[in-house]
Amino acid sequence: MDEPDDSHPYSDPPELYAAHLVTCRSYWYDHRRPEAGISLAGILIHIEPPEGSSFPLIIDRVCIYFQLWGTVCEYRLRIRLVRVAAADGEEDLEIQLGPDGSPREFPMPTNRPAEIDGINYKNDFAFPIFKVPFAESGVYEFQLWADGIDQPIACERILARE
């Protein structure tokens, strides 16, 4: 019999869902108008090196926006960046970008976990990640992961092109 996982407050795996995962250049929140939510600017569909430059390319700052709902709980979130390569007639192949073939991950930069209020209400989050590497042109995928959940909650692909 499997031992329960005591690292999460629920004995059953938590349910966590995403409505959106968007990559952009910047975001802002007007504290005087909280009903306005988070505003995004410079949605990223593709990136390319500045004129006169080439790959490898480091983007100083990419902002991540997402909406979550699910089991009421606090979650430790992170973004994983992978390069996606098409395999002949098979599922896409994920190429890990970290040292020694490990995942390239960016933790949520606050010292507090993301709090989810419930299954019928969406909480929205935004945070920047820094020094984002693109080794070569191709398709890259940003994946949202949470501790205690063994698959990405949401994914967003962008094209790095010459």
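# Close-up views of a predicted all-strand chain

**View 1. Strand β6 has buried side chains on both of its sides.** L77, I79, L81, R83 and A85 point one way from β6, while R78, R80, V82 and V84 point the other way, and all are buried. The model shown here is predicted. Buried means under 20% relative accessible area. Nine of the nine residues of β6 meet that mark, so β6 is largely enclosed by the rest of the structure. In a regular strand the side chains alternate between the two faces of the sheet. Two arginines, R78 and R80, share their side of β6 with V82 and V84. Another arginine, R83, points the way of L77, I79, L81 and A85.

**View 2. β6 pairs with β11, β8 and β7.** Strands of a sheet pair through backbone hydrogen bonds, either parallel or antiparallel. β6 and β11 are antiparallel and share eight bridges. Four bridges link β6 to β8, residues 104-107, again in the antiparallel sense. β7, residues 93-96, is also antiparallel to β6, with four bridges between them. Which residues does R80 stand opposite? In β11 it is Q143. In β8 it is E105. Further along β6, V84 has E94 of β7 as its bridge partner.

**View 3. The whole chain is built of strands.** The chain has 12 strands and zero helices. Read along the sequence, the pattern is β-β-β-β-β-β-β-β-β-β-β-β. The chain holds 162 residues, and 39% of them are buried.

**View 4. The largest nonpolar core draws on many strands.** How many residues are in the largest nonpolar core? It has 34, and L77, F134 and F142 touch the most other members. At least two residues each come from β1, β4, β5 (73-75), β6 (77-85), β9 (114-116), β10, β11 (138-146) and β12 (154-160). β4 gives the largest share of this core, six residues. L77 also belongs to the row of buried β6 side chains that includes I79 and L81.

**View 5. Four strands form an open sheet.** The order is β2-β1-β4-β10, with antiparallel pairing. Why is one side of β2 and of β10 left without a neighbour in the sheet? β2 (38-43) and β10 (123-134) stand at the edges, and each has a single partner strand, so one side of each stays without a neighbour in the sheet. Neighbouring strands here are turned by 45° against each other on average, direction ignored.

**View 6. β1 pairs with both β4 and β2.** β1 covers residues 16-29 and β4 covers residues 57-70. These two strands run antiparallel and are joined by eight bridges. L16 of β1 is bridged to G70 in β4. T23 has I64 as its bridge partner in β4. β1 also pairs with β2, in the antiparallel sense, over five bridges. There, C24 is bridged to I43 in β2.

**View 7. A cis peptide bond precedes P56.** Which peptide bond is cis, with omega near 0°? It is the bond from F55 to P56. P56 sits in the loop between β3 (46-47) and β4.

**View 8. β10 holds a buried proline and a residue with positive phi.** P128 lies in strand β10. Is P128 buried or exposed? Its relative accessible area is 14%. The cut-off for buried is under 20%, so P128 counts as buried. P128 and R25 are 103 residues apart along the chain, yet their C-alpha atoms are separated by 8.8 Å. K131 is also found in β10. Phi of K131 is near 55°, a positive value in a residue other than glycine.

**View 9. The second largest pocket has a lining with eight nonpolar residues**. Rolling a probe the size of a water molecule over the atoms shows where empty space is left. The second largest pocket has a volume of about 150 Å³. It is lined by 12 residues, and P14, L16, I149, Q151 and I153 are the closest to its centre. The lining divides into eight nonpolar, two polar and two charged residues. L16, one of the residues closest to the pocket centre, is the β1 residue bridged to G70 of β4.

Key
Residues are numbered from 1 along each chain as its sequence is written. This is a predicted model: local features need pLDDT of at least 70, side-chain atom pairs count only at pLDDT 80 or more; totals for chains, interfaces and linings use all residues. Side-chain values use heavy atoms; hydrogens and water are left out. On a 1 Å grid over the protein atoms alone, a cavity is a set of points where a 1.4 Å probe fits but cannot get out, and a pocket is an open set with protein on both sides within 12 Å along at least five of seven lines; lining residues have an atom within 4 Å of a point. Grid points are joined across faces, edges and corners, and a volume is the space filled by probe spheres set on the points. Ala, Val, Leu, Ile, Met, Phe, Trp, Tyr, Cys and Pro count as nonpolar, Asp, Glu, Lys and Arg as charged, and the others, Gly among them, as polar. Two strands pair if DSSP finds at least two bridges between them. Axes are lines fitted to C-alpha atoms, for helices over the stretch in contact, and angles run from 0 to 180 degrees between N-to-C directions. A nonpolar core is a set of buried Ala, Val, Leu, Ile, Met, Phe, Trp, Tyr and Cys residues joined through side-chain atoms within 4.5 Å. Buried means under 20% relative accessible area, exposed over 50%, partly exposed in between (1.4 Å probe, protein chains only).
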